[in-house]
Amino acid sequence: IREARLELGLSQSEFAKLLAHRTKSKINKSLISQWELGRVKNPQMETMEALVAVTGWNHRYLATGKGPKKADLDESLHQ
């Protein structure tokens, strides 16, 4: 997730605001940090969908670092 965020050129706060707006949920800088440090794994499905939509990256790669980095949105959500 950190790699995707940095590729977009966003701070943790900016990334959190973007995801929070997209999901209408409470995502903040602290949660982004926890994901990036591996302390919180497997974001909720709605959040993962937002991560895929915002970054264009494959959900499996975002969650595990395995598989193709980028993928078609429909393909990545249904693997």
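**A walk through a six-helix chain**

In helix H4, the buried residues are Thr-47, Met-48, Ala-50, Leu-51, Val-52, Val-54 and Thr-55. That makes H4 a good place to start our tour of this model, which is a predicted one. Just past the end of H4, Gly-56 adopts a positive phi of about 75°.

Let's step back to the whole chain for a moment. Its secondary structure consists of six helices and zero strands, so reading along the sequence gives you the pattern α-α-α-α-α-α. Of the 79 residues in the chain, 37% are buried. The surface that the chain exposes comes to about 5,000 Å², with carbon and sulfur atoms supplying 48% of it. As for how the chain meets itself, take the contacts between residues at least 6 apart in sequence: 38% of these join residues at least 24 apart.

Now to the interior. In soluble globular proteins, nonpolar side chains tend to be buried together. Here, the largest nonpolar core contains 17 residues, and the ones with the most contacts inside it are Phe-15, Leu-19, Ile-27, Ile-32, Trp-35, Leu-51 and Leu-62. At least two residues of this core come from each of helix H2 (12-23), helix H3 (29-37), helix H4 (45-55) and helix H5 (59-64). Our starting point, H4, gives the most, with five residues.

Leu-62 is a helpful residue to click on next. Setting aside its neighbours within four places in sequence, Leu-62 is in contact with Ile-1, Ala-4, Met-48, Leu-51, Val-52, Thr-55 and Trp-57. Among these partners, Met-48, Leu-51, Val-52 and Thr-55 are buried residues of H4.

Trp-57 brings us to the aromatic residues. A search of the whole structure turns up one aromatic pair. In that pair, the ring centres of Trp-57 and Tyr-61 lie 5.6 Å apart with their planes at 65°, so the arrangement is edge-to-face, since an angle over 60 degrees counts as such. Trp-57 and Tyr-61 are both buried.

Finally, have a look at how H2 and H3 pack. Two packed helices are described by the angle between their axes and the distance between the axes. The axes of H2 and H3 come within 8 Å and cross at roughly 105°; the two helices are therefore roughly perpendicular to each other. On the H2 side, the contact is made by Gln-12, Ser-13, Phe-15, Ala-16 and Leu-19, while H3 contributes Lys-29, Ile-32, Ser-33, Trp-35 and Glu-36. Several names will be familiar from the core: Phe-15, Leu-19, Ile-32 and Trp-35 are among the residues with the most contacts inside it.

Methods: Residues are numbered from 1 along each chain as its sequence is written. This is a predicted model: local features need pLDDT of at least 70, side-chain atom pairs count only at pLDDT 80 or more; totals for chains, interfaces and linings use all residues. Side-chain values use heavy atoms; hydrogens and water are left out. Rings of Phe, Tyr and Trp (its six-membered ring) pair if their centres lie within 6.5 Å; planes under 30 degrees apart count as stacked, over 60 as edge-to-face and the rest as tilted. Buried means under 20% relative accessible area, exposed over 50%, partly exposed in between (1.4 Å probe, protein chains only). A nonpolar core is a set of buried Ala, Val, Leu, Ile, Met, Phe, Trp, Tyr and Cys residues joined through side-chain atoms within 4.5 Å. Helices (H or I, at least four residues) and strands (E, at least two) are DSSP runs, numbered from the N terminus. Contact means heavy atoms within 4.5 Å. Accessible areas come from the Shrake-Rupley method with a 1.4 Å probe; for residues, only the protein chains shown count as cover. Axes are lines fitted to C-alpha atoms, for helices over the stretch in contact, and angles run from 0 to 180 degrees between N-to-C directions. Angles under 35 degrees count as roughly parallel, over 145 as roughly antiparallel, 65 to 115 as roughly perpendicular and the rest as oblique.
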